[in-house]
Amino acid sequence: PVFCKVGLALFVLLPICLVRDLHMLRHTSTLAVICIMYTTVMVSVLSGTQPISPTFEMADVRPSIWRAYPIFIVAFTAHYNGPRFYGELKGRSLSVFSKVAVPAFILCAVVYLTCAVAGYHTFGSRTCPSILGCYDVRSFPVALARMGYIVVIVTSYPIIFFAIRENLIQLIFPLHVGRFG
């Protein structure tokens, strides 16, 4: 297992973390979005094939609902790369950026809400912190979604690392901004 992690880090993550611009990550990002959409559709379909959970309560709002707040915060954390996205946008203007950013945020909200409602519909108050943890581990569609989740995590690192790398370079070498990446 240690060799797998080291191999993944050296031969998959490192090369895609060293790209010079975010545009080069478009293929890995597309793959991640496809995996997320598969999981969303799978959760929705499985929800529709099962009866409503006996612990499903539509109007039962408790203070514990705030445990979901960090999930929604994480759903929209692409903001730290927003200036870079804007800088790499062809024909950039605020209206063009809005035409790209607003649908992306709406898609994120729809995906999160769809999974939340479908998962709660299926499992009620027994819903796990990770919706995939609630399903049978021997189910092929669920196993495929779990593998997709691995792809999403792996392809997210370069986007996060990109912002960290850019800021560290600007902090350490303020006179050489733009030369390293």
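I looked first at what follows helix 5 in this predicted model, and found G124, whose phi is positive, near 60°.

I then went back along helix 5 itself, which covers residues 94-123 and reaches 42 Å from its first C-alpha to its last, close to the 44 Å expected at 1.5 Å a residue. I noted its buried residues as A101, V111, C115, A118, G119, H121, T122 and F123, and I found that these buried residues pack against helix 2.

Next I searched for aromatic pairs, of which the structure holds two. For Y86 and F97 I noted ring centres 5.7 Å apart and planes at 80°, so I entered the pair as edge-to-face. Because Y86 lies in helix 4 (residues 82-88) and F97 in helix 5, this pair ties together parts that are 11 residues apart in sequence. I entered Y86 as partly exposed at 28% relative accessibility, and F97 likewise as partly exposed at 24%.

For F123 and Y135 I noted centres 5.0 Å apart and planes at 75°, so this pair is also edge-to-face. F123 lies in helix 5 and Y135 in the loop between helix 5 and helix 6 (140-172), so the parts tied together are 12 residues apart in sequence. I checked accessibility here too: F123 is buried, with a relative accessible area of 11%, and Y135 counts as buried at 7%.

Last, I turned to the surface, where a nonpolar patch of about 830 Å² is made by V2, V6, L8, L10, F11, V12, L14, L18 and F161. Helix 1 (residues 2-17) gives the most to this patch, with seven residues, whereas L18 lies in the loop between helix 1 and helix 2 (26-48). I entered L18 as exposed because its relative accessibility is 51%, the cut-off being over 50%.

Notes. Residues numbered from 1 in each chain as written. Predicted model: local features only at pLDDT ≥ 70, side-chain atom pairs only at ≥ 80, totals over all residues. Heavy atoms only, no water. Patch = residues over 30% accessible without salt bridge, like charges linked within 9 Å, V, L, I, M, F, W, Y side chains within 5 Å. Areas by Shrake-Rupley, 256 points an atom, 1.4 Å probe, with all protein chains shown as cover. Salt bridge = Lys/Arg side-chain N within 4 Å of Asp/Glu carboxyl O. Helix = DSSP H or I, 4+ residues; strand = E, 2+ residues; numbered from the N terminus. Buried < 20%, exposed > 50% of the residue type's maximum accessible area, 1.4 Å probe, protein only. Expected span 1.5 Å × (residues − 1). Contact = heavy atoms within 4.5 Å. Phe/Tyr/Trp six-rings, centres within 6.5 Å; stacked < 30°, edge-to-face > 60°.
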